[in-house]
Amino acid sequence: MESNRKLKMAIAFASAAALSAFFALHYRTRRKQRSRRRACYLRADSKPQHSFRRVLADNSYAPFKHLKRGDGDSSYSHPYEVEIMALLDNPQLELTFYPDDKIPTTSDTFAWVETEQQLNELAGILIKERVFAVDTEQHSLCSYLGFTALMQISTKDEDYLIDTIKLHDAMGILRPVFSEPSICKVFHGADNDVLWLQRDFHIYVVNLFDTAKACDILSKPQRSLAYLLETYCGVTTNKLLQREDWRQRPLPEDMVQYARTDACYLLYVARCLVGELKEKENESCFDDELHFVLEACRRSNMICFQQYMKDIEAAPGESATSSIISRHSNGQGGESDDFKAQFQDMVRRLCSWRELMARVHDESLRFVLSDQAIVALASKVPTTTTDIFDTIKQADFNTDSLSYSMPSPSPVVCSHMDGFCNILLERIDNLDEISLAVLQKCLGQDGTCPLSVFNYSVLVNFTRRSTNKVVSRQNGTKSLKQVSRKASRELFVKKFSCKSPVYHNCRIYANDGRLLCYCDRRKLEWYVRRDLAKLVDDDPPAIILLFEPKGRPEDEDNEFYIQRKKNICVGCGEGNHYLRYRIIPSCYRMHFPEHLKSHRSHDIVLLCVDCHEVAHAAAEKYKRKIAEEFGIPLFVRNIVDLKADQVASETCPMGINFEQAGISPLELRTAAMALIRHGQRMPQKRREELTQIVMRFYGGRDISNADLERALLVGMSSHERRRLEKKRGLSLKYSNGGVIPEKEPIGPKKMLMSGTVNRSTVETVDVSFSEEQQYVNKEITDQVETQPINPGMEPKAPAHDNSNENTICYNSQNGNLQNEWLDLGDSRNDETRPMHNSKLSLLGHGPHGKQVVDHILKEYGEDGISVFCQRWRQVFVEAINPRFLPAGWDIKHSGRRDFGEFSVYNPIKKALAEA
């Protein structure tokens, strides 16, 4: 019995042990499978940049910290500001870029620098030079911020290729060389190189000569380095190699040759350009001789003032979300509200996930997941892994790209498929919480992704940002006035700020592959729809024209139009909201000749609400100065009725003195609107005051409701009138005719506004109420003194004869306004001529702007307009002190443009369209 019990116990123990071993083995197997499935691809495939021990710009949300040379240095000031300012005040003009006129040749030997000792030796050689040429090659596809993969330096004796990947942590050795003011560094198109050197190595360039700036001053037909090499050296380069993967080691022979060519000939090209600048100085016919070499040095060294900064969004993927939703909504129609809401929510989730994954894995956004794939996933919302893979592959396959092939789906998506499926299928209300969970899973304790110098602080910074948001919401103790002001500001931002990115940074290439400009998507689509171009890239979009363009970016005054632009305030760098701001007020610019204003984005910048308020105040103040300077008032001051008949000369019941009668269009409209809305309810005294105002316009006679409605339309442009009609449902039975006629009857030409007006003079608009149109035949001669334009373009206003009046005729029977006061045209013939532009309103500064522009064109021509624009740019710079203007923005920008065969602004094509 006892033996049976022991046997049963032994069998039970053996069974339990066997089961335990079986379950343990099964658990370990499944754990290995899950671990293998969750393993990040970076654990097996290391990246070249992971060898960096320290990076100055990591992928976290912390702002970039610039070099501090002393305890007193401000974090916002340039560390070498004093040295650069000294060069601007006393530039080095006598430089020998290349010893002789013989074109250099690339020998078979060059120095490959890959050890710290070699780098120290190179620094010792360069510190003894007076000038050397520099170029860099970047890699951005498999890096979130990008990094410098190669640096080329050429002296007059030898070429050096520096392996900046292997020497990344030691590149500071060259900092004293690049910041030495006595050594000139020659670049071509240095705007990006200067920022990249700061970002990667804290290297700041002092004393720079940019051959692209010299091309601008010489008005070269093209300004690309390929054009200069071909013109001066007879050398052709394959610019497609610029897109190759510069991380690979060893570099192929063709890439080595390309890298050497970019820097080897640069000193000789600089010599040739400086020679032409000096020749241009000798040929200059100006009284005050322009020093063209000095100007080239000044423009070049202004580039050195640029400072690198990271783009930091309020929420992960915010700008990409806005851009994708905006593009999709513009191209789609007929979708239900539920579908739109679901689509936008999905895009927001995918962009947030992509942004975080790009930061964690140090990959570019387009490498992780393309915009086209996001749109496809948000539209279809696949539910299985196979469907997800197929959707991404199909979207990427339909994208025509010039970049070298990328895996689709990317390794990031493949190795994080579980989390990616959760993003697609789970309903997410709080993106911050989800984003934090994603980062915890990747970088937290037992995270799936390896830590690196690029991502180790991403989680910490994101957690701190989220915590600060919560604390600020919970502990906000502000006065009612502060809360009200903040709420008002937020409402203004929500209503008026741009709802999507302004700059799409799409590229247009000429038919020879050279970059023409950056533009928005609508412009690209215009060319593609008309079969004038073909799509060559899709992220961001790029096209190549199928015809020879009329002009090149080199025809412009600088490289502004071939630079990427950031969607941030140019004043303070605010990126969460911004408004368009026109540096040259529209009341002037709208009257410029077509070739000086069409498609000119140079003078339209982005400003946040606070900077916009400052700039607007400065502009209004300067408008008043312009009005005083030219003697042209900002507003139409008075409106009177010339046909006051004999009744006007008699005493009217209201006791109006008609010798001093008149009312401004804005005041007339305000009074009429108040009487229509609240006339029966307002106090009698106030009603009588407003009635007197309207009666001044109608010559003192009694007025009716029809008269009040007609008064609302006086001085309005056609656009303002249509908007009022739509808003109020205003009947036009009292005003069947247009506000402003297209033609004036043939008759004596009248110049009814003197070029300069004493501010004390009452400007008058005459109004006629006869059955037929009546015109005042009173001649007023142009009293503007002719004088040569000076550099500041500040003419003195001559005395004004107070006996002269400015007249506009208005016909109340048909609602027509004969605005002769604004028509400052040529009076040498009596032919029928167009009347005042129907788009011009008399309620604002439009009449003032037209007279100022007409006066400048008459007295000084288009050169006067150029100087006038420069004055406005100077006002803007002094008011805002912008630190983030796009590269190439220049106060002296000309803005002149020629129109090609297919341009809608081509004068011949425009004339045919109007006919």
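Count the salt bridges in this predicted model and you get 27. Three of the pairs are worth a closer look, and here they are side by side.

| Pair | Closest N to O distance | Relative accessibility |
|---|---|---|
| Lys310 and Asp58 | 3.4 Å | Lys310 9%, Asp58 13% |
| Arg249 and Asp163 | 3.0 Å | Arg249 30%, Asp163 5% |
| Asp537 and Arg243 | 3.7 Å | Asp537 3%, Arg243 28% |

Start with Lys310 and Asp58, whose side chains meet in a salt bridge. This pair links distant parts of the chain, 252 residues apart: Lys310 sits in the loop between helix 10 and helix 11 (318–331), and Asp58 in the loop between helix 1 (2–38) and helix 2 (81–89). Are these partners buried or exposed? Lys310 counts as buried because its relative accessibility is 9%, and Asp58, at 13%, is buried too.

Next comes the salt bridge between Arg249 and Asp163. Arg249 is in the loop between helix 7 and helix 8, while Asp163 is in the loop between strand 4 (159–162) and helix 4, so the bridge ties together parts that are 86 residues apart in sequence. Here Asp163 is buried, whereas Arg249 is partly exposed.

Then there's Asp537, which forms a salt bridge with Arg243. Asp537 belongs to strand 9 (residues 533–538) and Arg243 to the loop between helix 7 and helix 8, which puts them 294 residues apart. Asp537 is buried, but Arg243 counts as partly exposed. Besides these pairs, Glu295, Arg298, Arg299 and Asp890 are joined into one network by salt bridges that share partners.

Now for charge on the surface. Which residues form a negative patch? They are Asp108, Glu244, Glu253 and Asp254. Glu244 lies in the loop between helix 7 (225–233) and helix 8 (253–264), and its relative accessibility of 32% makes it partly exposed.

Moving inward, take a look at helix 5 (residues 191–201). Why is it described as largely enclosed by the rest of the structure? Because nine of its 11 residues are buried. Those buried residues include charged ones such as Asp191, Asp193, Arg199 and Asp200, and also Val194, Leu195, Leu197 and Phe201. What do they pack against? The list has strand 2 (131–139), strand 3 (147–154), helix 4 (175–178), strand 5 (184–187), strand 6 (208–210) and helix 10 (292–303). Right after helix 5 comes His202, with a positive phi near 55 degrees.

Another spot to check is Val381, in the loop between helix 14 (371–380) and helix 15 (385–397). Val381 has a relative accessible area of 17%, so it is buried. Leaving aside neighbours within four places in sequence, Val381 touches Gln342, Met346, Ala376 and Leu424. Its C-alpha atom is 9.2 Å from that of Thr391, which is 10 residues away along the chain.

Finally, the whole chain. It holds 29 helices and 16 strands, and buried residues make up 51% of its 915 residues. Of the contacts between residues at least 6 apart in sequence, 75% join residues at least 24 apart. The chain exposes about 45,900 Å², with carbon and sulfur atoms supplying 50% of that area.

Conventions:
Residues are numbered from 1 along each chain as its sequence is written. This is a predicted model: local features need pLDDT of at least 70, side-chain atom pairs count only at pLDDT 80 or more; totals for chains, interfaces and linings use all residues. Side-chain values use heavy atoms; hydrogens and water are left out. Patches are made of residues with over 30% relative accessible area and no salt bridge: like charges are joined within 9 Å, nonpolar side chains (Val, Leu, Ile, Met, Phe, Trp, Tyr) within 5 Å. Accessible areas come from the Shrake-Rupley method with a 1.4 Å probe; for residues, only the protein chains shown count as cover. A salt bridge is a side-chain nitrogen of Lys or Arg within 4 Å of a carboxyl oxygen of Asp or Glu. The place of a charge is taken as NZ of Lys, CZ of Arg, CG of Asp or CD of Glu. Helices (H or I, at least four residues) and strands (E, at least two) are DSSP runs, numbered from the N terminus. Buried means under 20% relative accessible area, exposed over 50%, partly exposed in between (1.4 Å probe, protein chains only). Contact means heavy atoms within 4.5 Å.
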